[in-house]
Structures are given as C-alpha cells and as structure tokens.
Amino acid sequence: MNIVLEKRVEALGLILPPAPKPMGVYRPLLIVGEYLYVSGQGPILNNRDLITGKVGQTMDKDQGKKAARQVGLTMLSTLVTHMESQHKIKRLVKVLGMVNSTPDFEEHPYVINGFSELMAEVFGEDNGIGVRSAVGMSLPHNVAVEIEAHFLLEE
Amino acid sequence: MNIVLEKRVEALGLILPPAPKPMGVYRPLLIVGEYLYVSGQGPILNNRDLITGKVGQTMDKDQGKKAARQVGLTMLSTLVTHMESQHKIKRLVKVLGMVNSTPDFEEHPYVINGFSELMAEVFGEDNGIGVRSAVGMSLPHNVAVEIEAHFLLEE
Amino acid sequence: MNIVLEKRVEALGLILPPAPKPMGVYRPLLIVGEYLYVSGQGPILNNRDLITGKVGQTMDKDQGKKAARQVGLTMLSTLVTHMESQHKIKRLVKVLGMVNSTPDFEEHPYVINGFSELMAEVFGEDNGIGVRSAVGMSLPHNVAVEIEAHFLLEE
C-alpha cells in the first residue's frame, strides 16, 4: 500500500477501481533495482466489470480513449495497492499501448492518449510522459485496451 | 553452455528441443549488466519441427497452452546453449506472451500459463514468476505461440 | 543534436528523413541511466510521407523489408536529432519489430531484417545486432512497419 501515491490520486479527485487480481501466472508488478515493471492492465470499472469491445467496430475512437484512461486508473490502483510505502515513482519510462482494434483501424495513438494524458496529470508533464508504442492486436477477455509500462523509482 | 541450468532441467525430467537458430539478423540472447534478454522464441519440437496453427481456429486453448509450454522448453534450451557457465539466473523479470490467435479469441492468459507454469517449476514460485502481458497477433511461420522475456542475473 | 552519429550516417552515404514529431503524448526518446529508449517509429520518407500498406495484401515481403529499412533511417534521424552530443551509443539491445500484415502472413523476420541489416551497417555486426521479436499486428495510420528499440550508451 502506497499512501503517498494514494493521496496524490485523491487530491486530483480521481476514483480508482479495485486493483485487478492476476488472470494467470504472473505478478501485478515487480521491482528490480530502480525499475518498477507493471503487467499488462485492462480497463476495470469501479464495479469490477471490464470495458470490452473492438475499437473501430463496436466502439469508436473516443470510447477507446475513455477505456485507455480507465486502464490508467486501473494501473494507478495496482500501484497504490501493491507498491510499498518506501517506494516512490520518479518517472514513467516506457508504455506499450495495445488496442483491441479492427485490422483497418488507424488511430491507436489517439486512443492511448487517454492513458498518457492521465499519467501526465498524475506525475507531471515531464515525469509522466515517457516513450511509447500504440498498436493494434487482439486482447484477453475482449478488453478494449491493455497497457503495460515500466517506471523509474527514486533511489 | 550452462551446466547448472542443464542439471536443473535434467533433475526435473524435462527434455529440451534443440536450441533454435536465429531466423534473421538478431542474437538468441544478450546479456547487458545484470540483465539477460531473450529474443522471441517459438515452440520447437524435439525433431526440430515447429508447432504451428491459429489458436481459436485450428487449435483449441489447451493445444495452445501445450505450445506455450514448448516455447518455455525452447527458451530453456536457448539459455542452456548460449548462456556461459559463469552466469546464473536470479529471477524472471518480464514476459511478453504472443498468441497466434483469431481476432475474437479471449483466453491468451490461459494459453501463456503453459510457459509461466514451466518457469515457476524451473526457477521457483518466487523467482520464476514475473510481470507479463499475454495478447494476440500474427506470428512468423504460423507458429502457435511466441514469447520474449528478460531475466535478472546473480551478480 | 548528435554530430558523431550524424557523421557516421553521412560517411555511409545514408540520407535521413526528417525526424518524426510525436503523434501523441509521448517522447521520441528517453535516456535513463545507461539506457536509451526510442518510441515506436514508422517509415517516414524524405518528403515526410509515410510508407503505408498491409504486407501480404497491398505490399509484398520485399516492399515490407524496404519499409523496415526506412523505419531504421527514421530512427537514426530521431537519434541524431534528439540525442545530445555527450551521449554515444554503445550497442543495440532490443528490438520489437511490428509488421502491419495480414493474419496469414508468415515472413515477419524477413521484413524486419530491413531494419536490422541497417543497424548492423551503422553500429557494426557486434554492437548493431541485439535481441528481437518480429511479429504482425495493426498499426497507426496504416504504416507498413513500426519498430521500437532500446540501446545501451557508453558510460
């Protein structure tokens, strides 16, 4: 449980969904040296439902962007829940944004901005923005967006 | 050649396929500082054939899971063959599990567990389980599963 | 601006396209300690157009390979433009090569070799070749190939 991040999130008026339980044999996050790695996260709602759908078919790009923001809230919940209090995030390093999209969908960056704008809001324009790829594939449980990331911790 | 890992694998009664030769301009693995990175591996059988097929279409999820386990055996073969004896794996850090699946397949985590359960068996419940994403895409030579990973080495 | 890399590129007679501007909320590259991470890059031509198309459908594998080489030139342009002069690349570590391909396309490694051969040319057979995965998915703006990578810097 990380109180500092939880307070930051509360100060911004953000409501976090419950942290996801792993759907398989993996950890929600792992700290190795100065790096914190987060497993691929889907968009979990406050009632524990997932936002599902294929962007470009059953959802438009703005619905996809909202789903990506919800992935960000889910990842923050994972961080608050599983990161111990002595750890503090220094900056976001790298994001792989995966959109459950039709083969001809072209606006993956627009969708994943929903996540990236939230990270900039929480960690700041400098530390909350890292490198990124935003691409399309098929996703577990038909979730609309899945995102994995790693962060740098304060020493 | 890494004798320690080979002995561990033998003690578990696991049979490793021949280590794959790179299908392009890349290395099977690379060590940088404390990190060991492994290139994307497919499921190679003991007779050097690949397990091919599209999960959700020509294969079901249990056949996919077996293919993922075979990817794990293939990765162990790569590690035994190309990791020198002075190196010792401390833990698995991160896995990207890629399933050659139909657009509507939803059980990528179930499939990739075939790999992850093997890693837990070989390296232990703590050190063999890291962060993970398990997603769907199209893969070289129509292999059923491809997995890339990186590990932390003992100092 | 990195003059050393620019001179190396010029000595090889390579013409670099303009460095891409981020299409979303991310940085073109980020340096953390000894690592340099580059965001997913598409194939930008000298006139700023993108090479678009689906490999296996509107493009064949050789056109895909040329697009992957152009992604390499684009990434070099990003490095020359955004890497400061005190930094020097020691080696390529890891590449994720993403081909905008049909579900049944099988030659992703052949395509991504277009990028990898260029890296070997610029950084050498040893330092220019790292670990890699080469896979298929859908890509922003229908670009034919997108590649993300990270490098190790000289200390």
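## The rotation axis

In this predicted model, the residue of chain C that comes closest to the rotation axis is C:Met137, whose C-alpha lies at 3.2 Å. The axis relates chain C to chain B: a turn of 120° with a shift of 0.0 Å along the axis lays chain C on chain B, with an RMSD of 0.0 Å. That is the relation of a three-fold axis.

How do the copies meet, through different surfaces or not different ones? Only 4% of the interface residues of chain C are also interface residues in chain B, so the copies meet through different surfaces.

## The sheet of chain C

Chain C has an open sheet of five strands, in the order 1-2-5-3-4 and with mixed pairing. Strand 1 (29-32) and strand 4 of chain C are the edge strands, and each of them pairs on one side only. On average, neighbouring strands of this sheet are turned by 15° against each other, direction ignored.

Within the sheet, strand 3 (residues 89-100) and strand 5 of chain C pair in the antiparallel sense, over nine bridges. At the level of single residues, C:Val99 has C:Val145, in strand 5 of chain C, as its bridge partner.

## Helices on the sheet

Which strands does helix 2 (residues 61-82) of chain C touch? Helix 2 of chain C packs on the sheet and touches strand 1, strand 2 (35-41), strand 3 and strand 5 of chain C. The direction of helix 2 makes about 45° with that of strand 5 of chain C.

Helix 3 (residues 108-123) of chain C also packs on the sheet, touching strand 3, strand 4 and strand 5 of chain C. The direction of helix 3 makes about 160° with that of strand 3 of chain C.

## Asn142 in chains B and C

Most residues other than glycine have a negative phi. B:Asn142 has a positive value, with phi near 60°, and is not a glycine. In chain B, B:Asn142 sits in the loop between strand 4 (131-137) and strand 5 (145-153). Is B:Asn142 buried or partly exposed? B:Asn142 counts as partly exposed because 18 C-beta neighbours lie inside 10 Å, while a buried residue needs 20 or more.

In chain C, C:Asn142 has a positive phi of about 60°, although C:Asn142 is not a glycine. The place of C:Asn142 is the loop between strand 4 (131-137) and strand 5 (145-153) of chain C. With 18 other C-beta atoms within 10 Å, C:Asn142 is partly exposed.

Terms used. Residues numbered from 1 in each chain as written. Chains lettered and ligands numbered in written order. Predicted model: local features only at pLDDT ≥ 70, side-chain atom pairs only at ≥ 80, totals over all residues. Least-squares fit on C-alpha atoms with pLDDT ≥ 70 in both. Contact = placed C-beta atoms within 7 Å. Helix = DSSP H or I, 4+ residues; strand = E, 2+ residues; numbered from the N terminus. Buried ≥ 20, exposed ≤ 12 C-beta atoms within 10 Å, placed from the backbone. Pairing = 2+ DSSP bridges. Axes fitted to C-alpha atoms, helices over the stretch in contact; angles between N-to-C directions.
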